[in-house]
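Visitor: I would like a close look at one part of this structure, the salt bridges. Could you walk me through them?

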Amino acid sequence: MVKNITLAVDEDVLRRVRAIAHDRGTSLNALVREHLEQLSQAKDDERRQYKEALAELREMSARSGVSLGEDYKFSREDAYEGRLR
C-alpha cells in the first residue's frame with residue numbers, strides 16, 4: 001500500500017532537487033521515494049549485520065569454555081593485571 005506524505009522543504013533546496021530530478025529524467029516524488037527505500041534497506045542491512053555479529057560473538061564465547069560466573073564484574077585491575085608488573 002502506498003501512502004501519501006506531506007513534507008516541508010526549504011524553497012532553495014526544493015528548487016535544486018527539482019532540477020536534479022529533471023536532469024535525471026524523473027520526478028521529485030520518485031527521487032524521494034527512492035531515497036527513503038535506500039535508507040530503509042541500509043538500516044535493515046545494519047540490523048542484520050549487528051545480529052549476525054552478536055550471534056557469532058556468542059558462539060565464540062560458548063566455544064571458548066571460559067565461564068566467569070553470572071555475578072562477575074570486569075575491573076580495571078583485571079584489564080591491567082599483566083601490564084603493571
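Guide: Happily; here is a walk through some of the salt bridges, pair by pair. This is a predicted model, in which local features need pLDDT of at least 70 and side-chain atom pairs count only at pLDDT 80 or more, while totals for chains, interfaces and linings use all residues. Residues are numbered from 1 along each chain as its sequence is written, and side-chain values use heavy atoms, with hydrogens and water left out.

The structure holds five salt bridges, a salt bridge being a side-chain nitrogen of Lys or Arg within 4 Å of a carboxyl oxygen of Asp or Glu. Among them is the pair Arg15 and Asp12, at 3.6 Å from N to O. These two residues sit three apart in helix H1 (residues 11-24), so about one helical turn separates them. Helices here are DSSP runs (H or I, at least four residues), numbered from the N terminus. Arg15 is exposed, at 51% relative accessible area, whereas Asp12 is partly exposed, at 41%. For these words, exposed means over 50% relative accessible area, buried under 20%, and partly exposed in between, with a 1.4 Å probe and protein chains only.

Helix H2 (residues 28-64) carries Glu46 and Lys43, three residues apart, about one turn of the helix. Their side chains meet in a salt bridge of 3.3 Å, N to O. Glu46 is partly exposed at 46%, and Lys43 is partly exposed at 38%.

Also in helix H2 are Arg63 and Glu59, four residues apart, again about one turn. In their salt bridge the closest N and O atoms are 2.6 Å apart. Arg63 is exposed at 58%, while Glu59 is partly exposed at 46%.
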